Amino acid sequence: MIQRTCLIIDNEDQTEEVEKLTRDAKHQGIELDCYQFNIGHSSFTDVLTDGLIDRDKVVKVFLKKFGRKNFNIVALDYDLEDTNIMGTDLIRIFNHNQLLNKSPKMVYSGLLDDILKDILRDENLDKAVTKIKSMVRNKVIDYLDRDQRDIQILKFLSEDPLSSDLIVSNVLTRHPEFIFDNKFINEKFQGKTFAELSETLDGDIKLDNEFKKEIIEQVIAYLTKPI
């Protein structure tokens with residue numbers, strides 16, 4: 001079985017849905033670790049201030065629950081029953097705090113068609129364009145109806161190959177106590193544990209690319225027979 005991870009962010013309790021999704025995944029040969037992060041409902045007060053979603057608390061609670069873990073797929077509810085924050089706003093909050101930045105994301109809603117129609121009907125064309133650009137910049141792989149969410153999660157997990165970013169991130173997270181020896185050209189990588197290296201690479205795209213380049217070059221060198 002292939003192993004995959006999933007995170008569902010919703011304002012309602014998703015326990016039953018997560019259990020069913022895990023069972024369905026197993027029938028497709030996927031060992032799925034699926035988690036939920038509840039945001040927006042009055043029952044989940046740990047991220048609320050005066051009944052509304054608190055951006056700082058979202059980050060604090062997320063880090064407490066998941067650290068800087070990335071997932072094979074993150075599914076976010078668009079409508080969190082909060083007038084100030086939508087699912088797409090959460091993505092910007094996560095991006096700003098260097099969270100889930102290597103995780104593919106999909107946004108779902110029971111009213112997706114209505115949401116898109118409202119944007120297109122906006123009398124302020126610049127405002128409508130800004131909203132559409134924002135949806136694109138979030139690098140969301142799909143916007144879909146709620147009743148298609150679990151079907152599309154399983155389809156994505158069974159068909160989509162892991163990106164190199166996610167492969168490296170998963171290995172570093174899985175073995176935080178492992179230590180790299182001093183064979184790196186870049187001294188910033190030398191002698192670090194996987195956990196320390198993961199923290200070093202977080203949010204530094206240039207350094208992250210340098211690390212992947214070194215890994216690839218060293219693997220090629222290791223596998224190459226001298227002439």
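Select K155 and E159 to begin: both residues lie in helix α6, four residues apart, about one turn of the helix. Helices here (H or I, at least four residues) and strands (E, at least two) are DSSP runs, numbered from the N terminus. The side chains of K155 and E159 meet in a salt bridge, with 3.1 Å from N to O. A salt bridge is a side-chain nitrogen of Lys or Arg within 4 Å of a carboxyl oxygen of Asp or Glu. K155 is partly exposed, with a relative accessible area of 41%, whereas E159 is exposed at 54%. Buried means under 20% relative accessible area, exposed over 50%, and partly exposed in between (1.4 Å probe, protein chains only).

Before continuing, note that this is a predicted model, in which local features need pLDDT of at least 70 and side-chain atom pairs count only at pLDDT 80 or more, while totals for chains, interfaces and linings use all residues. Residues are numbered from 1 along each chain as its sequence is written, and side-chain values use heavy atoms, with hydrogens and water left out.

Next, select D89 and R92 in helix α3 (residues 87-96); being three residues apart, they are separated by about one helical turn. Their side chains form a salt bridge of 2.1 Å, N to O. Is D89 buried or exposed? D89 counts as buried because its relative accessibility is 14%. R92 counts as partly exposed at 35%.

How many salt bridges does a search of the whole structure find? The search finds six. One of them joins the side chains of R146 and D10, at 3.1 Å from N to O. This pair links distant parts of the chain: R146 is in the loop between β7 and α6 (149-159), and D10 is in strand β1 (residues 2-10), 136 residues away. D10 counts as buried, at 0% relative accessibility, and R146 as partly exposed, at 32%. Add D77 to the selection, since D10, D77 and R146 are linked in a network of salt bridges.

Move to N72, in the loop between α2 (55-66) and β5 (73-77). N72 is buried, with a relative accessible area of 4%. A polar atom of the N72 side chain lies 2.6 Å from the backbone nitrogen of T5.

Select I141 in strand β7 (residues 140-145), and then V107. The two are 34 residues apart in sequence and 8.4 Å apart in space, C-alpha to C-alpha. I141 counts as partly exposed, at 42% relative accessibility.

Two loop residues deserve a look at the backbone. Most residues other than glycine have a negative phi. D50, in the loop between β3 (48-49) and β4 (52-53), has a positive phi near 55°. D50 counts as exposed, at 78% relative accessibility. Q98, in the loop between α3 and β6 (105-109), is not a glycine either and has a positive phi of about 55°. Q98 counts as partly exposed, at 28% relative accessibility.

Finally, which residues form a negative surface patch? Select E12, D13, E16, E17, E19, D79 and E81. Patches are made of residues with over 30% relative accessible area and no salt bridge; like charges are joined within 9 Å, and nonpolar side chains (Val, Leu, Ile, Met, Phe, Trp, Tyr) within 5 Å. Within this patch, E16 lies in helix α1 (residues 15-27) and counts as exposed, at 65% relative accessibility.

How values were computed. Areas by Shrake-Rupley, 256 points an atom, 1.4 Å probe, with all protein chains shown as cover. Lys, Arg positive; Asp, Glu negative; His and termini not counted. Charge placed at Lys NZ, Arg CZ, Asp CG, Glu CD. Polar contact = N/O pair within 3.5 Å; in protein donor to acceptor, adjacent residues only side chain to side chain.
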